[in-house]
Amino acid sequence: MNNKLTAYIGILGVSLFAIAAIVGPLLIEDYSVVSQYISESFAVDTRYGTYLQYLGYVPSGILLTVYCFSAPKKFPSSKLVVAGFFGLALFYGLGTTLVGLFPCDAGCPTDVMDSSLAQLIHNSVASLTYIFFPICLMGIGLGLKKSENYGCLSQIAIVTGIISGIFIFALFSNPESGYRGILQRIIETCFIVFIVSSALRITKDVEK
């Protein structure tokens, strides 16, 4: 896969995610981006949830999986870079796909006793994604740090890894927080910033 195609797949993947995350709340009356999870916009009881799942999150997850498996070949050889991108492919790309296929129950409850099987899968996958996400970013950042031509992307990976880690810790500390929607959106923004930055860096190599 050439550099441009790889980059376009990554950018399209995060674009679909971002569009679904923006459009979803607009389709639900009284939805709060501050206090409600993104998943609540396509929960089982939502009118347009199926469209958001299969036109937004599922294809987004598939594209991101392909991108993250392909991206390491476009960067300097490094075990940390490969492990980081493969981790993102498994936990974020595949995770987004599974979360889309298994929507949460109404209100996205965190209580195991009140959850359906789909909700349990949804919560488990989301939790694993957020646990490993900052670790993967930090790994990529540290791996790229050894290459002088990738210093900027290395810094972006490390900074977004640290920021996402802080907000993930805050979210896990109080999953019922009245600000959980904002916390989650900051975390997702970190991922989007990194993927777009890495994709643009890949296209830069084509221009040389």
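The legends below walk through an overview and several close-up views of this predicted model.

Residues are numbered from 1 along each chain as its sequence is written, and side-chain values use heavy atoms, with hydrogens and water left out. Because the model is predicted, local features need pLDDT of at least 70 and side-chain atom pairs count only at pLDDT 80 or more, while totals for chains, interfaces and linings use all residues.

**Figure 1. The whole protein has six helices and zero strands.** Helices (H or I, at least four residues) and strands (E, at least two) are DSSP runs, numbered from the N terminus. The elements run α-α-α-α-α-α from the N terminus on. With a radius of gyration of 17 Å, close to the 17 Å that the globule rule gives for 208 residues, the protein is as compact as a globular protein of that length. Here the radius is taken over C-alpha atoms, and the globule rule is 2.2 Å times the number of residues to the power 0.38. Along the principal axes, the C-alpha atoms fill a box of roughly 50 × 30 × 25 Å. Buried residues make up 50% of the 208 residues; buried means under 20% relative accessible area, exposed over 50%, and partly exposed in between (1.4 Å probe, protein chains only). Of the contacts (heavy atoms within 4.5 Å) with a separation of 6 or more, 71% join residues 24 or more positions apart.

**Figure 2. The largest nonpolar core holds 37 residues.** A nonpolar core is a set of buried Ala, Val, Leu, Ile, Met, Phe, Trp, Tyr and Cys residues joined through side-chain atoms within 4.5 Å. Look for Tyr-67, Phe-75, Phe-85, Leu-88, Phe-133 and Phe-194, which touch the most other members. At least two residues of this core come from each of helix 1, helix 2, helix 3 (79–101), helix 4 (117–144), helix 5 (151–173) and helix 6 (180–207). Helix 6 supplies the largest share, eight residues. Leaving aside neighbours within four places in sequence, Phe-194 is in contact with Phe-85, Leu-88, Leu-137, Ile-140, Leu-153, Ile-156, Ala-157 and Thr-160.

**Figure 3. Ile-38 belongs to a second, separate core of nine residues.** Ala-21, Leu-52 and Val-125 are also among the members of this core. Ile-38 sits in the loop between helix 1 and helix 2 and is buried, with a relative accessible area of 4%. Not counting neighbours within four places in sequence, the contacts of Ile-38 are Phe-17, Ala-21, Tyr-31, Tyr-57, Gln-184, Arg-185 and Glu-188.

**Figure 4. Arg-180 and Glu-40 form a salt bridge.** Side chains of opposite charge can pair when their charged atoms come close. The rule asks for a side-chain nitrogen of Lys or Arg within 4 Å of a carboxyl oxygen of Asp or Glu, and by this rule the count comes to one. The closest N and O atoms of Arg-180 and Glu-40 are 3.9 Å apart. Arg-180 lies in helix 6 and Glu-40 in the loop between helix 1 and helix 2, so the pair ties together parts that are 140 residues apart in sequence. Both Arg-180 and Glu-40 are buried.

**Figure 5. Ile-168 is a buried residue of helix 5.** Its relative accessible area is 5%. Apart from residues up to four places away in sequence, Ile-168 touches Tyr-130, Phe-133, Pro-134 and Ile-187. The C-alpha atoms of Ile-168 and Ile-187 are 7.0 Å apart in space, with their positions 19 residues apart in sequence counted as the separation.

**Figure 6. Eight residues form a nonpolar patch on the surface.** They are Ile-19, Ile-22, Val-23, Leu-26, Leu-27, Tyr-48, Tyr-51 and Leu-55, with about 830 Å² of accessible area together. Patches are made of residues with over 30% relative accessible area and no salt bridge: like charges are joined within 9 Å, nonpolar side chains (Val, Leu, Ile, Met, Phe, Trp, Tyr) within 5 Å. Areas come from the Shrake-Rupley method with a 1.4 Å probe, and for residues only the protein chains shown count as cover. Helix 1 (3–26) and helix 2 (49–70) each give two or more residues to the patch, and helix 1 gives the most, with four. Ile-19, in helix 1, is exposed at a relative accessible area of 52%.

**Figure 7. Asp-30 has a positive phi, near 65°.** Most residues other than glycine have a negative phi. Asp-30 is found in the loop between helix 1 and helix 2 and is exposed, with a relative accessible area of 72%.
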